[in-house]
Amino acid sequence: MEASQYPQQPQASTGGFPVLETWDPSIQHAFIKPVKQINDGPDVAKFLTSKAYRDIGIFVLQLNRAMCPRKYVGEDGKDKIQTFQIGSEYETQPVESVRKLQEMLARIASYIDEAPPDQGPRRFGNISFRKWYQLLEQRVTGLLEEFLPDTVLNFSPSNEGDATAVDELTAYLLGSFGSPQRLDYGTGHELSFLAFLGCLWKLGTFKAGKANGDIERSIVLGVFEPYLRVVRRLILTYTLEPAGSHGVWGLDDHSFQPYIYGSAQLSRAITDSEHTPLEGSLFRAPKPAQVVKPDYVEQERKRNMYFSAIGFINDVKKGPFWEHSPILFDISGIKDGWGKINKGMIKMFNAEVLSKFPVVQHFPFGSLFSWDQDPNATAPQQTVHMANQPTASASMPPPPSVAAGPGTAAPWAQATSMTTPSGPGIPYSRAPWGPGHPVPRPSQPQSGVAAGQSQVTQAPWARSSDRPSG
């Protein structure tokens, strides 16, 4: 029996923009206990043509577009603009499904009090994190049963196999808070929480929310941002190491998605029928260069997810911002507005998170996020970076081929008018120097670059555009 007995195609909203599908509970479904499938570098190429990759892309872009400010005509006939901030009604007065998830996250955070950090000497992460994680493992089934509706927990299982919706949800939730073995946390764990929310979406958890972006805003501001607060508390309490980090030449040691949704919050206002803006900023939005001013960041982190993420960097790192976060510093010099930054963050997420073996290797695949090939996917292009993915054997077979035909561009290209990503390892690991900065540009170490090997290149999205910002 197939994992699903009905088509797994993304649904379209009334505005014609792709949204993640919601499954029909009246049709039997065979759940699969999620398992690891990405074991070697070449497996990343197959991941990039999988249904899971397609669904992750659709869901990220769906949430991203919802966070863009909206313009509309008020009752007085005048143009109005609505923004969506941390601490707004989307967080403080959410729908029941979001409120329950907030309570679940608060309960998970409370386990920290039961596992205080060890006071003994240590070089890396605090071993008490393993006790905290053990508490979560022991209680995760009870948490799901307490805070999720029965319609989700008992979602239309088939008579075949023992797996249930709870099995799939458990795998992604447990994968969202770091590794107890390595005592680390990174963007792969953050991706697991996105998948957890995507599973809930597919199973109809958020059906009671309002359409046209309202429920998506509640998910981002009412669930994802509180999740980040829990994670940041874990990192500070147990000094968790960065997982899969590029070090100083990565965007952020631990997170990526708040930079996507946070830049969307400050992009140019659009109507419900417009595409995500590729340039321009909200009227009177903070300038990107303000991220280097700690006092300003401390003020804005209460409202904006981008500045909230920068604020956490300031909490854990000392010294000049350009020195400990050179990529974010480079990006702060972009003059074409937050829309340009948002466009680049999406492309960078695809290249540096979804296309990198160290990040996605632990992502498990079941039926909700399937390893099966997307029949409409285009094959990722072979690049030097794909060829350099780590392998366990020198005689690995080539990446699987995709059926002939024009195919469908990746979700990133469909929703942002971008070109199709060129596959794993797109080297968006530095943005060009932003003009107007008062300090000199730090030089990137060049040691260890093999002769003839491509060096790290600048991010093409960060180059100044000839078009004026809107």
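This report describes salt bridges, the nonpolar core and one long-range approach in a predicted model.

**Salt bridges**

Side chains of opposite charge can pair when their charged atoms come close. The model contains 24 salt bridges. Three of them are listed below with the distance between nitrogen and oxygen.

| Basic residue | Acidic residue | N to O distance |
|---|---|---|
| Arg-54 | Asp-55 | 2.9 Å |
| Arg-54 | Asp-374 | 3.7 Å |
| Arg-229 | Glu-91 | 2.8 Å |

Arg-54 takes part in a salt bridge with Asp-55 and in another with Asp-374. Arg-54 lies in helix α2, which spans residues 51-66, while Asp-374 belongs to the loop between β8 (364-365) and α17 (384-387); the pair therefore ties together parts that are 320 residues apart in sequence. Arg-54 has a relative accessible area of 6% and is therefore buried, the limit being under 20%. Asp-55 is likewise buried, at 2% relative accessibility. Asp-374 is buried as well. These three residues belong to a network of salt bridges that also links Glu-21 and Lys-202.

The salt bridge between Arg-229 and Glu-91 joins two helices: Arg-229 is in α9 (residues 214-238) and Glu-91 is in α3 (residues 89-92), so parts that are 138 residues apart in sequence are tied together. The two partners differ in accessibility. Arg-229 is partly exposed, with a relative accessible area of 35%, whereas Glu-91 is buried at 14%.

**Nonpolar core**

The largest nonpolar core comprises 117 residues. Within this core, the residues that touch the most other members are Phe-47, Trp-132, Phe-177 and Phe-196. Helix α9 gives the most to the core, contributing 13 residues. The surroundings of one of these aromatic residues can be stated in detail. When residues up to four places away in sequence are not counted, Phe-196 touches Leu-101, Met-104 and Leu-144, together with Leu-169, Tyr-172 and Leu-173.

**The loop between β8 and α17**

The loop that holds Asp-374 also contains Thr-378. Asp-374 is buried, but Thr-378 is partly exposed, with a relative accessible area of 25%. Thr-378 and Leu-48 are separated by 330 residues in sequence, yet their C-alpha atoms are 8.9 Å apart in space. This loop thus provides two links across the sequence: the salt bridge from Asp-374 to Arg-54 in helix α2, and the approach of Thr-378 to Leu-48.

How values were computed
Residues numbered from 1 in each chain as written. Predicted model: local features only at pLDDT ≥ 70, side-chain atom pairs only at ≥ 80, totals over all residues. Heavy atoms only, no water. Salt bridge = Lys/Arg side-chain N within 4 Å of Asp/Glu carboxyl O. Buried < 20%, exposed > 50% of the residue type's maximum accessible area, 1.4 Å probe, protein only. Helix = DSSP H or I, 4+ residues; strand = E, 2+ residues; numbered from the N terminus. Core = buried A, V, L, I, M, F, W, Y, C linked by side-chain atoms within 4.5 Å. Contact = heavy atoms within 4.5 Å.
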